[in-house]
Amino acid sequence: MIRIMKDGDLTSVIQIWLDANIRAHSFVPEEYWTGNYEMVKEALGKAELYVYEEDDTNEKEFFMIWQKQRVAESGQTCGGER
């Protein structure tokens, strides 16, 4: 199911963001991503985000809309246990 992000999704979404960036940008020191974690968490909390959630597993993916254009999306999931 695709739905707008709820406050309770932010922890999973920011973890997906962090994990995806560390994997996708291995040429950037991991400290860069962890050092920007709080700033990005605050920004994501204010953004128009949509979450795809598997009903039976509670796994999530997300995508972000900025100025009526999709600008970011995860390519991985975060299980409900995170």
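# Notebook: a predicted chain of 82 residues

I began with the secondary structure of this predicted model, and I counted three helices and four strands in the chain. Reading along the sequence, I noted the order β-α-α-α-β-β-β.

**Confidence.** Before looking at any detail I checked pLDDT, which averages 76 over the chain, with 66% of the residues scoring at least 70. Where in the chain is confidence lowest, and where is it highest? The lowest mean, 48, belongs to strand β4 (residues 69-73), while helix α2 (residues 30-35) has the highest, at 96. I also marked residues 76-82, where pLDDT stays under 50, although the model has 22 contacts for them beyond four places in sequence. I leave those contacts uninterpreted, because predicted coordinates should not be read in detail where pLDDT is low.

**Overall figures.** I looked up burial and found that buried residues make up 35% of the 82 in the chain. The accessible surface comes to about 5,500 Å², and carbon and sulfur atoms account for 50% of that surface. Of the contacts between residues at least 6 apart in sequence, I noted that 47% join residues at least 24 apart.

**The core.** I then turned to the largest nonpolar core, which has 13 residues, and listed those with the most contacts inside it as M5, V13, I14, W17, L44 and L49. Which elements give two or more residues to this core? They are α1, α3 (37-46) and β2 (48-53), and the largest share, five residues, comes from α1. For background I wrote down that nonpolar side chains tend to be buried together in soluble globular proteins. I followed M5 further and found that, leaving out residues up to four places away in sequence, M5 touches L10, V13, L44, G45, L49, Y50 and V51.

**Strands β1 and β2.** I checked the pairing of β1 (residues 2-4) with β2 and found that the two run antiparallel and are joined by three bridges. Within β2, V51 is the bridge partner of R3. V51 lies in strand β2, and I recorded V51 as buried because its relative accessible area is 0%. The C-alpha atoms of V51 and M5 are 5.5 Å apart in space, although 46 residues separate the two in sequence. Which residues of β2 make up its covered face, and which its uncovered one? I assigned L49, V51 and E53 to the covered face, and E48, Y50 and Y52 to the uncovered one. I set this beside the general expectation that side chains in a regular strand alternate between the two faces of the sheet.

**Polar residues in α1.** Last, I looked at two residues of helix α1, beginning with N21, which is found in that helix (residues 10-24). Is N21 buried or exposed? With a relative accessible area of 12%, N21 falls under the 20% cut-off, so I recorded N21 as buried. I then traced the side chain of N21 and found that it reaches the backbone oxygen of W17 at 2.9 Å. W17 had already appeared in my list of residues with the most contacts inside the largest nonpolar core. The second residue, D19, is also placed in helix α1, and I recorded D19 as buried because its relative accessible area is 14%. Between D19 and T34, which are 15 residues apart in sequence, I noted a C-alpha to C-alpha distance of 9.9 Å.

How values were computed. Residues numbered from 1 in each chain as written. Predicted model: local features only at pLDDT ≥ 70, side-chain atom pairs only at ≥ 80, totals over all residues. Heavy atoms only, no water. pLDDT = per-residue confidence, 0-100. Contact = heavy atoms within 4.5 Å. Buried < 20%, exposed > 50% of the residue type's maximum accessible area, 1.4 Å probe, protein only. Polar contact = N/O pair within 3.5 Å; in protein donor to acceptor, adjacent residues only side chain to side chain. Core = buried A, V, L, I, M, F, W, Y, C linked by side-chain atoms within 4.5 Å. Areas by Shrake-Rupley, 256 points an atom, 1.4 Å probe, with all protein chains shown as cover. Pairing = 2+ DSSP bridges.
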